[in-house]
Amino acid sequence: MLRTKAIRKIFLTTLTLFILLTVFTITNYNNDNDNVLRTNLEIEDIAGLKTNVIYLLNDEGLLVQDRVLLDGSSVEEKIEKLLINLTEGSTGSFADGLSKVIPKGTVVNNVMVGNKYVTIDFSKELLNVSEEKEKSMITAIVYSVMDLDDFLGVSILVEGKSLEEYPNSKEKINKILDKSIGINKNYDITSFNNINKVVIYYLENINDNLYYVPVTKYVNDDREKVNIIVEELASSYIYESNLMSFLNSNVSLIEYEEKDNIMSLNFNDYLFDGNDKVLEEVLYSIAYSVFDNYDVSMVSFEVNGEIVNHIDKNNK
C-alpha cells in the first residue's frame, strides 16, 4: 500500500512538472500577455486537470485570487491540500508578492463535510497568527474553501473546540462562516442608512501577471447591485491605486434580466475593445462580481441585444 501511494505521488509530481513546463513553453511561444487565469485554463485543457481558487495576501494587505492544482480523491482531501497550500512554510510556491496566511507549523487535524457544510479542525498553532493578519487568514480560509465546491458554510475548530473569537483582537466570530463576512472591505458611506453591500472584482498587475481581487464595498446606494458593479468597473477612479479595470468608461448597461438561473446583461457597443472583441478581463471581472452577488449559474453578455459571450459559474 505504501509503495503504491509513493509511486502515485511520484507520478503526479512528474506529471505536474511536465504540464507546467509545457504551459510555460506555449505561453512564451505565443508572446501573448495572458493572465494567470488563462495559464491555468491552459493547464486544464492540456491535461484535463482542473485548478482551484485560492486566496493569498499581496503586499498591500489585500487578498488576491490565484489558482492551485490540488491532488485528492475526495473533497476532504482536496480541502486539506488547499489549506496546506495556505500555510506558511509548506512546499507549494506562488508568485513573488503573494504570501500565505496560515501560521507555519499549523496542522489540519481533521476535515468533515456534510450537508454542504465544512468543519475544519486545526492544531493550536493556528492561534499564532498576528493581529495584522488574523482577519485576512479567516477570510482566506472561508473564501478558498467555499470556492472549491457549492458549500453553504465553514466552521473552524482549534484542537476540537470552536474558534469563537479572533486570537488577538478577541472580536467575536460566528460558528458558521460564509462569504457574507466580506473580503477586502471598503467603506464608502456617509450615513448608516440605506447601506448596500456589493462585491466587485478588480484586477492587479503583479510581476506582469494579472490577478483578480474581490472587494466588498459598503455604499449608500440602493440601486440594483449589477448597476453598481458596472458603474464601479467603468469608473476612472478606483480607491486603491494598484487595482484596475479594463471596462470602457463609456460602456452602458442597457438592461439586465435574471431568469432561469441566468443573468443576462445587455450593453452598448463600448463593451467591445478596438478589435470588436470583449476582453477576457472584462468578462471575468463582471462575471465574478455577479456570481458573488446573485444566485445564478451563468452570466450571458449581449451587445445591443445580440449574445456575444457567456461565463458558466461551474467553469470559472
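This briefing describes selected strands, helices and one residue of the structure shown above. The model is predicted. It includes an open sheet of 4 strands with mixed pairing, and helix 3 and helix 4 each lie across strands of that sheet. A further group of paired strands involves strand 8, strand 9 and strand 10.

**The open sheet**

- The strands of this sheet follow the order 4-5-6-7.
- Strand 4 (108-114) and strand 7 (161-162) are the edge strands, and each has a single partner strand, so one side of each has no neighbour in the sheet.
- Strand 4 and strand 5 (residues 117-122) run antiparallel and are joined by 6 bridges.
- Within this pairing, G114 stands opposite Y117 in strand 5.

**Helices lying across the sheet**

- Helix 3 lies across strand 4 and strand 5, and runs at about 135 degrees to strand 4.
- Helix 4 lies across strand 5 and strand 6 (153-158), and its direction is at about 135 degrees to strand 6.
- Helix 4 comprises 13 residues, numbered 134-146. From its first C-alpha to its last it reaches 18 Å, close to the 18 Å expected at 1.5 Å a residue.
- Helix 4 is largely enclosed by the rest of the structure, because 12 of its 13 residues are buried.
- Among the buried residues of helix 4 are E134, M137, I141, Y143 and M146.

**Residue N85 in helix 3**

- N85 belongs to helix 3, which covers residues 75-85.
- The relative accessibility of N85 is 13%, under the 20% limit, and N85 therefore counts as buried.
- The N85 side chain reaches the backbone oxygen of K81 at a distance of 2.8 Å.
- Beyond its neighbours within four places in sequence, N85 is in contact with I54, V68, L70, S90, G92, F94 and K100.

**Strand 10 and its partners**

- Strand 10 spans residues 209-219 and is mostly covered, with 10 of its 11 residues buried.
- Strand 9 (residues 196-206) pairs with strand 10 in the antiparallel sense, over 11 bridges. One of the residue pairs places N205 with its bridge partner L210 in strand 10.
- Strand 9 and strand 10 form a hairpin, with 2 residues between them. In the turn, N207 has a positive phi of about 55 degrees.
- Strand 8 (residues 186-188) also pairs with strand 10, here in the parallel sense and over 3 bridges. Y187 stands opposite Y218 in strand 10.

How values were computed
Residues are numbered from 1 along each chain as its sequence is written. This is a predicted model: local features need pLDDT of at least 70, side-chain atom pairs count only at pLDDT 80 or more; totals for chains, interfaces and linings use all residues. Side-chain values use heavy atoms; hydrogens and water are left out. Buried means under 20% relative accessible area, exposed over 50%, partly exposed in between (1.4 Å probe, protein chains only). Two strands pair if DSSP finds at least two bridges between them. The expected span of a helix is 1.5 Å times one less than its number of residues. A polar contact is a pair of N or O atoms within 3.5 Å; within protein, one must be able to donate a hydrogen and the other to accept it, and residues adjacent in sequence count only if both atoms are side-chain atoms. Contact means heavy atoms within 4.5 Å. Axes are lines fitted to C-alpha atoms, for helices over the stretch in contact, and angles run from 0 to 180 degrees between N-to-C directions.
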